[in-house]
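Here is a short report on one protein model. Keep the sequence and the 3D view open as you read.

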Amino acid sequence: MALELTLGLTLVALLFEAALGYPRILLERIGHPVMWVGRLISLLDTHVNRETDTPLERKFAGVVTLLVLLTVGLTAGAAVQKLLLLLPMGFFYAAFAGSTLLAQRSLHEHVAAVADGLERSLAEGRQAVSMIVGRDPEKLDEAGVARAAIESLAENFSDGIVAPAFWMAVGGLAGACAYKAVNTADSMIGHKDARHLQFGWASARFDDLVNLPASRLAGLLLITGAVFVPGASPRAGWIAMRRDARKHRSPNAGWPEAALAGALGIAIAGPRHYGGQLSTDGIMGEGGRRDCTAADIRRALQLYRAADGVMVAVLSIVVIALAI
């Protein structure tokens, strides 16, 4: 597959998604590609992940599930791309299909909704943040709600935008579809509860692997984006990322979180409650300010827009250079 094609598809897909998002009429009539994958994962979880099996059998079933998801993602993505490119203006149809696997606009809207809610009341802020994070919202004060939104913004910039764009640039729609299948599986079954500890092991570990390059790239993009945000510090972002990223319990989430926190002079992550259980974690942006507010969410969104703009600009330059 020509690099010029995959890079061009990625660039136009990013532009389409930033401008249009995922059309509501499609969501209402046919759902969303992630929902389709989610149904397949739920089906496999129900019928393949049997509680009567031994731990080894359940781990093997999880490996088979991952292979099924990868096969479906790669095959479906390659077939859709090939068919669409046969049509007049097919490149743009393929790019639109690719845009459905990105989340620039929806991520911004969901995080901005937390800032809007928090400015009205703590209860509305908690309600809004519960839509994007898995922790216990009732245990969050104003600063906790703001930090949760900012952490979600940083992490989802990596795995909701940079990672699918990276794999689309590498492998076209097939690469992006396979990535989204793995990432969705990790979010649904990659947990350490009794049911999924063994069954979700393969999906969780493979998701860590495929997100490794994008998480580092996302951190660098946030640091570069800080150049264009008044009051933000690229140098502090770089120092925080180098110092704190590996303290995070996730091998990937710490990179964009630490870069964003350092650039804005705040401290995020640390101990958090999930499902009534306290999860200890390293602080990203050690030494920064912890008492975040809705204003900090809006500054983080400003940095996010700048980082996303840097990614699109760099990709545009590369596509133009290859076309010359």
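## Salt bridges

Arg249 and Asp281 form a salt bridge, with their closest N and O atoms 3.5 Å apart. Arg249 sits in the loop between α10 (234-244) and α11 (254-264), and Asp281 sits in the loop between β3 (277-279) and β4 (283-284), so the pair ties together parts that are 32 residues apart in sequence. The two partners can be checked for cover. Arg249 counts as exposed, at 51% relative accessibility. The cut-off for exposed is over 50%. Asp281 is buried, with a relative accessible area of 12%. Salt bridges that share partners also join Asp45, Glu51 and Arg195 into one network.

The model is a predicted one. A search of the whole structure finds 14 salt bridges. The table lists some of them.

| Basic partner | Acidic partner | Closest N and O atoms |
|---|---|---|
| Arg249 | Asp281 | 3.5 Å |
| Arg50 | Asp53 | 3.3 Å |
| Arg105 | Glu109 | 3.7 Å |

Take Arg50 and Asp53 next. Arg50 is partly exposed, with a relative accessible area of 44%. Asp53 is buried, at a relative accessible area of 17%.

Now turn to Arg105 and Glu109. Both lie in helix α6, four residues apart, about one turn of the helix. An α-helix has 3.6 residues a turn, so residues three or four places apart point the same way. Arg105 is partly exposed, with a relative accessible area of 34%. Glu109 also counts as partly exposed, at 46% relative accessibility.

## A buried asparagine

Where is Asn49 found? Asn49 is in the loop between α3 (33-48) and α4 (55-85). Is Asn49 buried or exposed? Asn49 has 1% relative accessibility, so it counts as buried.

The side chain of Asn49 has polar partners. One is the side chain of Arg58, in a polar contact of 2.9 Å. Another is the backbone oxygen of Arg195, which the side chain of Asn49 reaches at 3.1 Å. Arg195 also belongs to the salt-bridge network with Asp45 and Glu51. Leaving out residues up to four places away in sequence, Asn49 touches Leu44, Arg58, Arg195, His196 and Phe199.

## The two sides of helix α7

Helix α7 covers residues 122-129. Which of its residues are buried? They are Gly125, Arg126, Ala128 and Val129. Seen down the axis of α7, these buried residues fall within an arc of 165°, so they line one face of the helix.

The face turned away from that buried side carries the exposed residues Ala123 and Gln127. What covers the buried residues of α7? The cover includes α6 (104-120) and α8 (142-189). Helix α6 is also where Arg105 and Glu109 lie.

## Inside helix α8

Helix α8 holds Met168. Met168 has 0% relative accessibility, so it counts as buried. The cut-off for buried is under 20%.

What does Met168 touch, leaving aside its neighbours within four places in sequence? Its contacts are Thr6, Leu9, Thr10, Ala13, Gly98, Leu102, Leu173 and Ala176. Arg298 can be compared by position. The C-alpha atoms of Met168 and Arg298 are separated by 29 Å, and the two residues are 130 residues apart along the chain.

## Both ends of the chain numbering

Leu5 lies in helix α1 (residues 3-20). Leu5 is partly exposed, with a relative accessible area of 24%. Not counting residues up to four places away in sequence, Leu5 touches Gln81, Leu85 and Phe91.

How many residues apart along the chain are Leu5 and Val319? They are 314 residues apart, yet their C-alpha atoms are separated by 9.1 Å.

## A nonpolar surface patch

Which residues form the nonpolar patch on the surface? They are Leu3, Val314, Val318 and Leu322. Together they have about 300 Å² of accessible area.

Helix α12 (residues 294-323) supplies the largest share of this patch, three residues. Val314 is found in helix α12. Val314 has 46% relative accessibility, so it counts as partly exposed.

Definitions and conventions
Residues numbered from 1 in each chain as written. Predicted model: local features only at pLDDT ≥ 70, side-chain atom pairs only at ≥ 80, totals over all residues. Heavy atoms only, no water. Patch = residues over 30% accessible without salt bridge, like charges linked within 9 Å, V, L, I, M, F, W, Y side chains within 5 Å. Areas by Shrake-Rupley, 256 points an atom, 1.4 Å probe, with all protein chains shown as cover. Salt bridge = Lys/Arg side-chain N within 4 Å of Asp/Glu carboxyl O. Helix = DSSP H or I, 4+ residues; strand = E, 2+ residues; numbered from the N terminus. Buried < 20%, exposed > 50% of the residue type's maximum accessible area, 1.4 Å probe, protein only. Arc of directions from axis to C-beta. Contact = heavy atoms within 4.5 Å. Polar contact = N/O pair within 3.5 Å; in protein donor to acceptor, adjacent residues only side chain to side chain.
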